[in-house]
Amino acid sequence: MKVTLPKELELKHRAEVIVLGGGPGGIGAAVAAAREGKDVLLVEHYGYLGGMASMGEVNPFMPNHLDGESLDKGIYTEWTDGISYYSGVTGNKRVIDPPSASLAAEDICLEAGVKLLFHHRLVSVETEGGKITGLVLHSKDGLSVVQADIYIDSTGDGDLAAMAGCPFEMGGESSDAVQPMTMCFKLRVDAEDLAYIAELCPENPAIRFAKTAEIFEQIQNAYLVAKADGRIECPRQNILMFPGTDYKTIHFNSSRVISKSAIDGDELSEAEIEGRRQVRQIFECLRRDVPIFKHSRIHSIATQIGVRESRRISGHNYMVRQDFIDAAKYDDGIIRVNYPIDIHSPTGGGTEITELPDGEWYEVPYGCLVPKGIDNLLIGCRAISVDHAVHSSMRVMPPVVSVGQAAGVAAAVALDKNITPAEVDGIELKKLLIKRGRNLV
Ligand SMILES: Cc1cc2nc3c(=O)[nH]c(=O)nc-3n(C[C@H](O)[C@H](O)[C@H](O)COP(=O)(O)OP(=O)(O)OC[C@H]3O[C@@H](n4cnc5c(N)ncnc54)[C@H](O)[C@@H]3O)c2cc1C
């Protein structure tokens with residue numbers, strides 16, 4: 001079939017920096033570049049910000065802490081302060097409430113002067129002489145073009161870099177299989193059933209059920225029996241759950257969709273259906289077999305299936321598992337991570353967790369954010385130049401916000417000095433990030 005697309009498209013917006021994608025990385029990148037005085041346009045496919053923290057219903061922010069202090073002091077901690085203001089959760093600021101996450105992200109972007117363009121999705125990338133010259137977007141009014149001096153890919157999947165022709169990797173140490181996708185959801189427990197918790201824990205009726213060993217065991221047993229009976233078809237080995245914003249809301253990170261590619265439109269669509277099929281099965285099982293869930297109901301479900309891993313864009317530096325094990329440090333280390341290697345099996349049950357020794361962390365050098373092949377592009381999301389194992393550690397949201405923050409400041413430096421991102425001195429960049437409040441000393 002032959003299709004004729006318009007040859008001339010309207011130039012809709014021009015900015016100094018365009019950030020594509022408004023998830024944790026995009027928020028960090030856009031706010032950081034705008035605070036450096038740059039004219040920034042943030043383009044997002046959905047109608048709100050937050051990425052996986054809002055549309056993916058992911059919860060909580062995983063700990064990336066040393067001695068009780070976040071290693072991501074900066075835009076990440078400003079964001080969690082804002083989330084806590086809206087959600088009312090003051091004790092543990094790592095608990096995420098999706099609407100609060102998107103409101104708080106929009107606040108800090110607007111305060112920084114970022115121009116937001118929602119409901120626009122990348123269709124193709126125009127390049128010339130190793131530079132991006134424009135992005136073709138699609139929205140309700142059809143196709144249009146946006147242009148900038150520097151572009152930051154914060155799509156999580158590296159869509160922009162891949163469409164611009166940058167080389168990338170996908171998959172693990174021995175195959176091209178990536179981590180599974182998961183449809184996150186929350187259940188709301190009925191007050192009547194909470195009386196049951198009160199009976200089990202008379203000293204604290206409001207105790208979070210997940211900490212109650214007996215109920216925890218009931219949940220895991222019910223799941224395994226349902227799997228053995230064929231009532232649940234899910235490769236995950238157990239039920240993974242976390243407290244929600246209040247003691248009646250329980251978050252489930254439990255479905256597991258394997259052997260589907262998040263960068264293939266048909267397979268991504270199939271993954272949505274498979275993820276929700278597993279959600280129904282888990283819900284049915286819990287309601288039937290675990291007393292606390294007898295009158296529970298679906299509280300919320302992700303707008304989009306959660307994608308843990310897809311493309312990793314090849315850059316000027318590259319980190320591998322051994323660098324994690326060695327707790328590698330670099331003069332131009334622009335983020336610090338001590339979250340473990342956390343690989344949900346790409347092919348079935350099981351999860352690898354490999355921790356760093358207590359008190360240790362590794363750093364990611366600036367060159368991992370600078371892609372090969374295109375001169376005016378930076379990666380400000382999980383799709384940086386690291387292997388499958390390092391990706392499984394740095395991909396959690398707190399360090400991804402810090403990756404974005406580093407990309408945003410680097411874009412501003414490149415513009416001020418009229419140089420390419422590859423020419424930005426990573427050691428000077430680190431010093432500037434410290435001046436801007438990042439705890440990298
Ligand atoms: C199921 C699951 C559970 C997880 N659990 C945790 C957890 O408990 N704690 C934790 O800290 N981390 C967790 N993570 C990891 C974390 O959520 C992600 O790695 C992180 O959100 C990545 O941030 P990002 O900005 O790179 O991408 P994303 O959060 O995916 O954001 C990308 C944004 O770009 C937009 N976008 C994408 N493509 C386009 C396009 N072509 N055009 C326009 N816009 C586009 C998207 O709509 C989205 O808003 C989990 C991830 C998954 C999938």
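The largest nonpolar core of this predicted model takes in 92 residues, and W79 and L135 have the most contacts inside it. A core here is a set of buried Ala, Val, Leu, Ile, Met, Phe, Trp, Tyr and Cys residues joined through side-chain atoms within 4.5 Å; buried stands for under 20% relative accessible area, exposed for over 50%, and partly exposed for anything in between (1.4 Å probe, protein chains only). Helix α10 (residues 397-417) supplies the largest share of this core, eleven residues. Helices (H or I, at least four residues) and strands (E, at least two) are simply DSSP runs, numbered from the N terminus. A second core, separate from this one, has 30 residues, with A222, A226, V257 and I292 among them. Back in the largest core, L135 touches I18, L122, S124, V125, S144, V145, V146, Y151 and L160, leaving aside residues up to four places away in sequence; contact means heavy atoms within 4.5 Å.

A word on bookkeeping: residues are numbered from 1 along each chain as its sequence is written, and side-chain values use heavy atoms, with hydrogens and water left out. Local features need pLDDT of at least 70 and side-chain atom pairs count only at pLDDT 80 or more, while totals for chains, interfaces and linings use all residues.

Strands β6 (residues 121-128) and β7 (residues 131-139) pair in the antiparallel sense over seven bridges, where pairing requires at least two DSSP bridges between the strands. T127 has I132 in β7 as its bridge partner. The two strands, β6 and β7, make a hairpin with two residues between them, and G129 in the turn shows a positive phi of about 55 degrees.

On the charged side, the structure holds 24 salt bridges, each a side-chain nitrogen of Lys or Arg within 4 Å of a carboxyl oxygen of Asp or Glu. E78 and R35 meet in one of them, at 2.6 Å from N to O. E78 sits in helix α2 (residues 75-87) and R35 in helix α1 (residues 24-35), so this pair ties together parts 43 residues apart in sequence. E78 is partly exposed at 32% relative accessibility, and R35 is partly exposed too, at 43%.

K38 and D416 also form a salt bridge, with their closest N and O atoms 2.6 Å apart. Since K38 lies in the loop between α1 and β2 (40-43) and D416 in helix α10, the pair ties together parts that are 378 residues apart in sequence. K38 counts as buried at 13% relative accessibility, whereas D416 counts as exposed at 54%.

E274 and R277 stay within helix α7 (residues 265-289), three residues apart, or about one turn of the helix. Their salt bridge has its closest N and O atoms 2.9 Å apart. Elsewhere, D229, R231, R288 and D289 are linked in a network of salt bridges.

The domain assignment, automatic or from a database, gives domain 1 (11-175 + 309-435) and domain 2 (185-301). Their centres, taken over C-alpha atoms, are separated by 30 Å. Across the boundary, 23 residues of domain 1 are in contact with 17 residues of domain 2. The area buried between them is about 1400 Å², with 55% coming from carbon and sulfur atoms; buried area is the accessible area (1.4 Å probe) that two parts lose on being put together, summed over both. In domain 1, E57, N59 and H344 lose the most area to domain 2, together 34% of what that side buries. The count between the two domains is one salt bridge.
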